[in-house]
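Welcome, and thank you for taking a look. Let us walk through the fold together, one part at a time.

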Amino acid sequence: MKKWIIIGACLLLAVVIGVSIKVYHSAMEPLITAEERAVQAAEKKVPLKSVEDFHVYNGQETVNVIEGKNNKGEEIIVWVPEKSKKVIVRKAKSGLTKEEAIQTLNKEKNPQKIISVRLGMEQNIPLWEIYYRSDNNLINYYYLHFETGEWLKEIENL
């Protein structure tokens with residue numbers, strides 16, 4: 001009897017693991033497809049040697065952001081909007097780094113906790129979006145121009 005319980009438990013565990021893998025794969029499939037399409041669109045504008053990071057920015061328009069290297073080994077960032085298809089390419093060194101964006105926020109505001117810092121684009125302007133919590137634990141968004149570091153907009157106290 002013990003043997004059948006162990007076999008049943010192992011089968012149940014195998015089914016749970018299999019279903020979990022299938023659910024994870026199904027959830028990631030749209031992201032993988034978006035990345036493949038974005039890389040194809042980016043390569044029409046600039047040859048990519050490697051893709052280091054990919055994420056989707058959801059602002060006024062959905063924008064796929066690729067961080068990678070070109071054929072010369074230079075770090076580049078490519079913004080690929082889903083609708084307008086106006087691909088923008090910049091060398092990473094031509095704009096603020098993630099750390100510089102955080103320093104700018106710290107000078108202007110007093111964030112209690114920075115949740116995320118990521119690249120995005122609105123109205124064809126590459127930007128940094130900083131998502132943070134203020135002292136009263138409210139959610140805030142702070143947007144900086146990627147190249148100049150100028151403040152673009154903020155959303156406070158959500």
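**Sheets, helices and charged pairs**

Let us begin with one residue: Arg90 is partly exposed, with 26% relative accessible area. Keep in mind as we go that this is a predicted model. Arg90 is a handy starting point, as we will meet this residue again both in a sheet and in a salt bridge.

First, the sheet around this residue. Four strands make up an open sheet, ordered β1-β2-β3-β4, with antiparallel pairing. At the edges lie β1 (48-58) and β4, each of which pairs on one side only. Between neighbouring strands of this sheet the average turn is 20°, direction ignored. In general, strands of a sheet pair through backbone hydrogen bonds, either parallel or antiparallel.

Let us look at how these strands meet. Nine bridges link β1 and β2 in the antiparallel sense, and Phe54 has Ile66 in β2 as its bridge partner. Further along, β3 and β4 run antiparallel and are joined by four bridges. Here Arg90 returns: this residue of β4 is the bridge partner of Ile77. The hairpin of β3 and β4 has six residues between the strands, and in it Lys85 takes a positive phi near 60°. Across β1, β2, β3 and β4 lies helix α1 (residues 2-45), which runs at about 125° to β1.

Now for the other sheet. Four strands, in the order β5-β6-β7-β8, form an open sheet with antiparallel pairing. Its edge strands are β5 and β8, each pairing on one side only. From one strand to the next, the twist averages 20°. The antiparallel strands β5 and β6 are joined by nine bridges, and Lys113 finds its bridge partner in Arg133 of β6. This sheet has a helix across it too: α2 (residues 98-108) lies across β5, β6 and β7, running at about 55° to β6.

With the strands in place, we can turn to the charged side chains. Side chains of opposite charge can pair when their charged atoms come close. How many salt bridges does a search of the whole structure find? The search finds six.

One of the salt bridges brings Arg90 back once more: Arg90 pairs with Glu147, and their closest N and O atoms are 2.8 Å apart. Arg90 lies in strand β4, while Glu147 lies in the loop between β7 (139-145) and β8 (151-155), so this pair ties together parts that are 57 residues apart in sequence. Glu147 is partly exposed, at 33% relative accessibility.

Strand β4 takes part in another such pair. The side chains of Lys91 and Glu74 meet in a salt bridge, at 3.3 Å from N to O. Because Lys91 is in β4 (residues 88-91) and Glu74 is in the loop between β2 (62-70) and β3 (75-81), the pair ties together parts that are 17 residues apart in sequence. Lys91 counts as partly exposed at 38% relative accessibility, and Glu74 is partly exposed as well, with a relative accessible area of 22%.

A further salt bridge joins the side chains of Glu129 and Arg118, 2.9 Å from N to O. The pair links distant parts of the chain, with Glu129 in strand β6 (residues 125-133) and Arg118 in strand β5 (residues 113-122), eleven residues apart. Is Glu129 buried or exposed? With a relative accessible area of 5%, Glu129 is buried, whereas Arg118 counts as partly exposed at 24%. Finally, Lys109, Glu154 and Glu156 are joined into one network by salt bridges that share partners.

Note on methods. Residues numbered from 1 in each chain as written. Predicted model: local features only at pLDDT ≥ 70, side-chain atom pairs only at ≥ 80, totals over all residues. Heavy atoms only, no water. Salt bridge = Lys/Arg side-chain N within 4 Å of Asp/Glu carboxyl O. Helix = DSSP H or I, 4+ residues; strand = E, 2+ residues; numbered from the N terminus. Buried < 20%, exposed > 50% of the residue type's maximum accessible area, 1.4 Å probe, protein only. Pairing = 2+ DSSP bridges. Axes fitted to C-alpha atoms, helices over the stretch in contact; angles between N-to-C directions. Contact = heavy atoms within 4.5 Å.
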